[in-house]
Amino acid sequence: MIGQGLTLRPTPHRFEVDGAQLYTWCALDTLIFPALLGTTARIDSSCHTTAVPVRLSVSASGVSGVQPATAVVSLVNPEDMSSIRSAFCNLVHFFASPEAAQPWLTAHPGGSVLPVAVACRLGTAMAESLLDETLPAQPAKGAYGCTC
């Protein structure tokens with residue numbers, strides 16, 4: 001396996017940051033990684049049903065330039081997380097519109113779709129939670145016998 005959500009191996013979700021062409025495992029990853037990296041990314045993907053291009057820009061402060069403006073992101077609540085890629089990532093796609101997502105929703109009755117901006121807020125919250133869990137707490141001034 002190469003990558004952990006963000007990879008050099010081509011996927012349907014192209015993720016350009018600082019001139020580097022990367023890829024993500026799923027549509028939600030494209031919305032999470034800009035906040036984790038503290039940068040802006042340009043996303044090029046396509047509707048999972050119609051193949052209509054879906055393009056947007058994502059920064060830590062939100063999403064902009066969503067084309068088509070009606071684009072949505074599919075989400076699932078996986079029961080088995082032993083393989084995040086097959087249980088979640090392989091089911092999280094961009095769709096050009098809620099109508100284009102309808103066949104996917106019919107095939108995945110426990111799934112849902114969110115407008116890209118709403119999915120971005122969810123992704124940003126997830127990124128902040130991940131950062132809170134992984135960054136070490138800063139010691140209080142003067143901790144460890146420091147007199148500074």
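This report walks through the sheet, the salt bridges, the nonpolar cores and one helix of a predicted model.

**The sheet and the helix across it**

Let's start with the scaffold. Six strands make an open, antiparallel sheet, and their order is β1-β3-β2-β4-β5-β6. At the edges sit β1 (6–7) and β6 (62–67), each with a pairing partner on one side only. In the middle of that order, β2 and β4 run antiparallel and are joined by 3 bridges. One of the residue pairs here is Glu 16 with its bridge partner Arg 42 in β4. Helix α1 (residues 27–37) lies across β1, β2, β3 (20–24), β4 and β5 (53–59), and runs at about 15° to β2.

**Charged pairs on β2 and β4**

The whole structure has 4 salt bridges. Here are three of them, with the closest N and O distances.

| Acid | Base | N to O distance |
|---|---|---|
| Asp 44 | Arg 14 | 3.8 Å |
| Glu 16 | Arg 42 | 3.3 Å |
| Asp 44 | Arg 42 | 3.0 Å |

Two of these pairs tie together distant parts of the chain. Asp 44 in strand β4 (residues 41–46) and Arg 14 in strand β2 (residues 13–17) are 30 residues apart. Glu 16 in β2 and Arg 42 in β4 are 26 residues apart. Glu 16 and Arg 42 are thus linked through their side chains and are also bridge partners in the strand pairing.

As a general point, side chains of opposite charge can pair when their charged atoms come close. Which residues end up in one network through shared salt-bridge partners? Arg 14, Glu 16, Arg 42, Asp 44 and Arg 55 do.

How does burial vary across this group? Asp 44 has a relative accessible area of 12%, so it falls under the 20% limit and counts as buried. Arg 14 is partly exposed at 35%, Glu 16 is partly exposed at 25%, and Arg 42 is partly exposed at 40%.

**Two nonpolar cores**

Now for the greasy part. In soluble globular proteins, nonpolar side chains tend to be buried together. The largest nonpolar core in this model has 25 residues, and the ones with the most contacts inside it are Leu 31, Leu 56, Val 73, Phe 94 and Val 116. Elements giving two or more residues are β2, α1, β4, β5, β7 (72–75) and α4 (116–134). Helix α1 supplies the largest share, 5 residues.

Leu 31 is a good place to look around. Leaving out residues up to four places away in sequence, Leu 31 touches Leu 56, Val 58, Val 73, Val 116, Ala 119, Cys 120, Gly 123 and Thr 124.

There is also a second, separate core of 8 residues, including Val 72, Phe 95, Ala 101 and Trp 104.

**Helix α3, one side in and one side out**

Ala 101 and Trp 104 turn up again in helix α3 (residues 98–107), where the buried residues are Ala 100, Ala 101 and Trp 104. Why do they line one face of the helix? Seen down the axis of α3, they fall within an arc of 85°, so they share a face. The general geometry helps here: an α-helix has 3.6 residues a turn, so residues three or four places apart point the same way.

The buried residues of α3 pack against β7, β8 (94–95) and β9 (112–115). On the face turned away from that buried side, α3 carries the exposed residues Glu 99 and Thr 106.

How values were computed. Residues numbered from 1 in each chain as written. Predicted model: local features only at pLDDT ≥ 70, side-chain atom pairs only at ≥ 80, totals over all residues. Heavy atoms only, no water. Helix = DSSP H or I, 4+ residues; strand = E, 2+ residues; numbered from the N terminus. Buried < 20%, exposed > 50% of the residue type's maximum accessible area, 1.4 Å probe, protein only. Pairing = 2+ DSSP bridges. Contact = heavy atoms within 4.5 Å. Axes fitted to C-alpha atoms, helices over the stretch in contact; angles between N-to-C directions. Core = buried A, V, L, I, M, F, W, Y, C linked by side-chain atoms within 4.5 Å. Arc of directions from axis to C-beta.
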